[in-house]
Amino acid sequence: MLPLVAGGALLAGCTSTQPGTASPAQSSSASAAPTESSSAGGSGTQSITDPCSLLEMSDLSSYGQFNQPESKTLGGARTCKYQKKIASASDATMVIGVNVRDDASVDQVRDTGGGVADKDINGRRAKEAPDGAAVGCTLGLAVGASSRVDVAVLLDSSSNEACQVAEAVAKSVEPKLPKG
């Protein structure tokens, strides 16, 4: 079984902090011409009030049965955690997290020991970071220029398998994200 501390750290994801003063993404006097982001996102993640709304239990059915999702704020992100139900000692552990990061771009996905790879999920720019220490993977989906949604997966098998699951889950999450 994976230690809960490692699981919580991966599901919260990793990001670096940026010095400076936060400013709103739009003002009431925004120009009439819409702007587009090269990351295929739009105005960011602020409109996502419930991270659990981004993933349906039916999207996870091919991986087994899951407990009801748990939503909370962890590490500066709004998170939703899906824990696979374990029926016997031979069942594989799986935890999937959907983490909304208002102030961390996809370029801030950190290398946790397994490198960071560019990905494309349904036409949206993404970064994948397999964990070098634990058996997990984080796949960050760009939402605008300065925010992202991470799909984080912990397994008890391999980081490679965790990244495969993260990519499949991200393909279900991506259509629900704001567009530019």
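This passage walks through the overall layout of the protein, its last helix and some of its salt bridges.

The model is predicted, not an experimental structure. The protein is built from two helices and seven strands. Reading from the N terminus, the order of these elements is α-β-β-β-β-β-β-β-α, so the strands follow one another in a row with a helix before and a helix after them. There are 180 residues in the protein, and buried ones make up 41% of them. The chain also makes plenty of use of long-range contacts: if we take contacts between residues at least 6 apart in sequence, 57% of these join residues at least 24 apart. As for the outside, about 9,200 Å² of the protein is exposed, with carbon and sulfur atoms supplying 50% of that area.

Helix H2 is a good place to start looking around. It runs over residues 159–173, which makes 15 residues. From its first C-alpha to its last it reaches 20 Å, close to the 21 Å expected at 1.5 Å a residue. Its buried residues are Ser159, Ala162, Cys163, Val165, Ala166, Val169, Ala170 and Val173. These cover an arc of only 165° around the axis, which puts them on the same side of H2. The spacing makes sense once the geometry is recalled: an α-helix has 3.6 residues a turn, so residues three or four places apart point the same way. And what sits over the buried residues of H2? The cover includes strands S3 and S7, along with S4 (117–121), S5 (124–130) and S6 (136–143).

Now for the charged side chains. A search of the whole structure turns up 13 salt bridges. One of them pairs Glu70 with Lys81, at 3.9 Å from N to O. Glu70 belongs to strand S1 (residues 70–74) and Lys81 to strand S2 (residues 77–83), so this pair ties together parts that are eleven residues apart in sequence. Both partners count as partly exposed: Glu70 has a relative accessible area of 41%, and Lys81 comes in at 26%.

The loop between S1 and S2 holds Gly75. Is this glycine buried or exposed? At 61% relative accessibility, Gly75 counts as exposed, the cut-off being over 50%. Its C-alpha atom is separated by 9.8 Å from that of Asn99, a residue 24 places away along the chain.

A second salt bridge joins Asp150 and Arg101, with 2.9 Å from N to O. Here Asp150 lies in strand S7 (residues 147–155) and Arg101 in strand S3 (residues 94–101), so the pair ties together parts that are 49 residues apart in sequence. How much of each partner can be reached from outside? Asp150 is buried, with a relative accessible area of 0%, and Arg101 also counts as buried, at 3%. Asp150 has another partner too: Arg148 forms a salt bridge with it, the closest N and O atoms being 2.6 Å apart. Like Asp150, Arg148 is buried. Elsewhere, Asp107, Asp118, Arg125 and Lys127 are joined into one network by salt bridges that share partners.

Conventions:
Residues numbered from 1 in each chain as written. Predicted model: local features only at pLDDT ≥ 70, side-chain atom pairs only at ≥ 80, totals over all residues. Heavy atoms only, no water. Salt bridge = Lys/Arg side-chain N within 4 Å of Asp/Glu carboxyl O. Helix = DSSP H or I, 4+ residues; strand = E, 2+ residues; numbered from the N terminus. Buried < 20%, exposed > 50% of the residue type's maximum accessible area, 1.4 Å probe, protein only. Expected span 1.5 Å × (residues − 1). Arc of directions from axis to C-beta. Contact = heavy atoms within 4.5 Å. Areas by Shrake-Rupley, 256 points an atom, 1.4 Å probe, with all protein chains shown as cover.
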